[in-house]
Amino acid sequence: MHIYLEKEIESLKGIGKQKAKLLTKELGIKKIKDLLNHFPFRYDDKTQFCKIKDLENIEFNVSIKGVVLQTKLVGSSFKKRLVAEIKDETGKLELVWFKGLAWVGKLLKPGLEIIAYGKPTKFNDKINIAHPEVDYISKSTHQTKSNVIPVYKTTELLSKRFLNSRGIYRIQKELIDSIKENKNIEIPENLPSKVLEAENLMNRKDAFLQIHLPENLNEANEARRRLKFEELFYLQIRILKQKYLKNEEKLIGHKFPKKELLDEFINNHLPFELTRSQHKVIKEVYDDVLTGKHMNRLLQGDVGSGKTIVAFMSMLIAVSNGFQVTMMAPTEILAEQHFNTLKPFFEKLNIKSEILCGSTKQKLRREIFIGLETGYTKVLFGTHALLEENVKFKNLGLAIVDEQHRFGVAQRAKLWKKNTIPPHILVMTATPIPRTLAMTVYGDLDVSILKELPKGRKPIKTAWMKDSSRLKIFGFIREQIDKGTQAYIVYPLIEESTKLDYKYLEDGYESIKRAFPDVPIGVLHGRMRPDDKDYEMDLFVRGKTKIMIATTVIEVGINVPNATLMIIESAERFGLSQLHQLRGRVGRANLQSYCILVSGFKLTQESKERLSIMIKTTDGFEIANEDLKLRGPGNLLGTQQSGILELKIADLVKDEDILTKARNSAKQIIEEDPNFNKKENAVIKEYLNDLIEQGIDMTGIS
Ligand code: ADP
Ligand code: MG
């Protein structure tokens, strides 16, 4: 059937053994189907003419329409070249050839109107185009059929061997022409015809032909739309199918009908009025666990939106029903904080809680294990240390993961195994991502959202200052401390780095000490012993130290409501979401808070954009969107999840429209015919089998 596509590229005209090897090594192109799947990433339109006066600083191919003035041979016999001078209404330009001089010379008669296509370069301060492609306007002998030229990704090595974008285009053209000629070559359709019709998509074979060899841009765009849809459709089919399977087999979860402890807490101990979102989410959780269905829920809420209390109240539901709970955080400091803030409430309700981290001493460990196995200890906080196999619970009913984006899918899977019937899972994150993307990345999770911040919060005021304003900044720190509040100063590095001009923490510490000799100052960084970290954190939490000099160890989760000033040194070194998280360490109560981004003078365009966005908005959702635009989804979500987001042609952010449509189509099909038994869905079954054969598996999806 589609044997042709499985053939090695060596069998194609114009590709010898050497080139084939190189293409495989450099771009992973081994078979004909790989070549077909090496899509152009943009198109040059030869009908868009560039004026000669605008050629300065252009680094891509352009088309120039002009009249030949004269041609001349220059240089000595060894280095002879042909120069043709052309002009348009804005100026003159030289076209240069080093090969085929006689032939070109004969063709380019003065007075002839031509279109020259190529990349302008500067030589001896003069712009020229070397070896342009030339079309003749009057005669059509040399005219290529299409005016749209696909541009392909290539590598330096390939370019040296005549496989630059143009070279790849030539091979693609050869291939497409032969597919067009030979009617027996099949590129089988993989979308049900119903979907093709509903979405008005071209068939698969045409799409492959037209993406590489379009007659015009519109055709190219339609081909791309079709192939993007296909890619996103199958992404969704696989995610939704997995979700469907999970629902089938894991229908059973622990049933938690009771909630006395939750009621008692709400009636007697609630420290503040819950926001409407917090109410709503707790209800969503309760509705899940009430039924005996297995909960697998993602809680999204911006920094400071109050996720911890939601986690805590969910824990109370589980404990009311005699179950144990655990809550995992990405750093020891954060785990300690959760333990310390929630322990007093647990004590009031007579619930035993413990904490387990990498640094927990053996003796204490053994005691904790006994408490967990006998069921005496109800709540275990900790870092990923609690995932270890020797941590066994008597009856774990709920597992919570804070700052989920810091963990991988595999770690969450380990939590599932901590009980014969898997515990309910609640994962929390402050990385707000667009809904469609959340649905894709967090595939089978139900999503809850904390939409608002607690009442009375004032937006954080953000300023961007240069290194030279240091005295002013010191003055501002002093002002804040005099008001009785506290400040963080965050540095990108701990020690001096010879390569990079970072403001390093140790140096900063010294200068702050000198400027504030009367103020108690704390230090916190990743290389300190866990005990020392706890000690420093504790002093700051209790207000004993007023300024905290830190690295990004305080980036996520840390909650000291009395801190109102965040100073970020070398702010240009941080990513947007990191800046947002860091800024989120202040503004966590009703005090007016401030963030000062301190940067050097020489900044890249991207750094400037990042800092400007931080000044423009405090909305995490907006910032995440900007981050997506700047860096792409893989980066945003951390390395663990990025694998599945490596799409060939679609872009989860830019193609959100197509994604939504593809998802809806996929959803409808999974609902109606989850095993693809209907005749019209046979193509799906077949294509999925193909994918499995190729080793593309979706079990890695969360
Ligand atoms: P995050 O969502 O960033 O994890 P936290 O759960 O740490 O936020 O909450 C931030 C701060 O807001 C904490 O000091 C917490 O006690 C407080 N808080 C949470 N919910 C409310 C509320 N409904 N009203 C007032 N303060 C709240
Ligand atoms: Mg938090």
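Which residues lie on one side of S18 and which on the other, and are they buried or exposed? In this predicted model, Gln486, Tyr488 and Val490 lie on one side of S18, while Ala487 and Ile489 lie on the other, and all of them are buried. Both faces of S18 are thus described as covered. The arrangement follows a general pattern: in a regular strand the side chains alternate between the two faces of the sheet. Strand S18 spans residues 486-490, and 5 of its 5 residues are buried. A residue counts as buried when its relative accessible area is under 20%.

To understand the surroundings of S18, one may turn to its partners. Strand S18 pairs with strand S21, residues 563-568, in the parallel sense over 5 bridges. Within that pairing, Tyr488 stands opposite Met566 in S21. Strand S18 also pairs with strand S20, residues 547-550, again in the parallel sense, over 4 bridges. Here the bridge partner of Val490 is Ala550 in S20. As a general matter, strands of a sheet pair through backbone hydrogen bonds, either parallel or antiparallel.

These pairings belong to an open sheet of 6 strands, whose order is S17-S22-S21-S18-S20-S19 and whose pairing is parallel. At the edges are strand S17 (461-466) and strand S19 (521-524), each of which pairs on one side only. Neighbouring strands of this sheet are turned against each other by 20° on average, with direction ignored.

The edge strand S17 deserves a separate look. It is joined to strand S22, residues 594-599, by 6 bridges, and the two run parallel. One of the residue pairs involved is Trp464 with Leu597, the latter being the bridge partner in S22. Helix H21, residues 605-616, packs on the sheet and touches both S17 and S22. The direction of H21 makes about 150° with that of S17.

Another part of the model shows two helices meeting. How do the axes of helix H20 and helix H22 cross, and within what distance do they come? The axes of H20 (residues 576-583) and H22 (residues 620-631) come within 9 Å and cross at roughly 155°. Angles over 145 degrees count as roughly antiparallel, and therefore H20 is described as roughly antiparallel to H22. On the side of H20, the residues in contact are Leu576, Ser577, His580 and Arg583. On the side of H22, they are Gly620, Ile623, Glu626, Asp627, Leu630 and Arg631. By class, this contact has 3 nonpolar, 3 polar and 4 charged residues.

The loops also hold residues of interest. What is the sign of phi at Phe162? Phe162 has a positive phi of about 65°, although it is not a glycine. The general background is that most residues other than glycine have a negative phi, and most peptide bonds are trans. Phe162 is located in the loop between helix H5 (156-160) and helix H6 (165-181). With a relative accessible area of 62%, Phe162 is exposed.

Glu403 likewise is not a glycine, and its phi is positive, at about 50°. Glu403 lies in the loop between strand S14 (396-401) and helix H15 (409-416). Its relative accessibility is 4%, so Glu403 counts as buried.

Two further loop residues can be described through their contacts. Leu349 sits in the loop between helix H13 (332-348) and strand S12 (353-356), and it is buried, with a relative accessible area of 7%. Leaving aside neighbours within four places in sequence, Leu349 is in contact with Leu261, Glu264, Phe265, His269, Phe312 and Leu316. Of these contacts, His269 illustrates how the chain folds back: Leu349 and His269 are 80 residues apart in sequence and 9.3 Å apart in space, C-alpha to C-alpha.

Asn681 occupies the loop between helix H25 (656-672) and helix H26 (682-693). Asn681 is buried, with a relative accessible area of 3%. Not counting residues up to four places away in sequence, Asn681 touches Pro192, Ile669, Asp673 and Phe676.

Finally, the cysteines may be considered. How many disulfides are counted in the model? The count comes to 0 disulfides, where a disulfide requires a pair of cysteine sulfur atoms within 2.5 Å. Cys50, at 16% relative accessibility, counts as buried, and Cys357 is buried with a relative accessible area of 3%.

Methods: Residues are numbered from 1 along each chain as its sequence is written. Chains are lettered from A and ligands numbered from 1 in the order in which they are written. This is a predicted model: local features need pLDDT of at least 70, side-chain atom pairs count only at pLDDT 80 or more; totals for chains, interfaces and linings use all residues. Side-chain values use heavy atoms; hydrogens and water are left out. Two strands pair if DSSP finds at least two bridges between them. Axes are lines fitted to C-alpha atoms, for helices over the stretch in contact, and angles run from 0 to 180 degrees between N-to-C directions. Contact means heavy atoms within 4.5 Å. Buried means under 20% relative accessible area, exposed over 50%, partly exposed in between (1.4 Å probe, protein chains only). Angles under 35 degrees count as roughly parallel, over 145 as roughly antiparallel, 65 to 115 as roughly perpendicular and the rest as oblique. Ala, Val, Leu, Ile, Met, Phe, Trp, Tyr, Cys and Pro count as nonpolar, Asp, Glu, Lys and Arg as charged, and the others, Gly among them, as polar.
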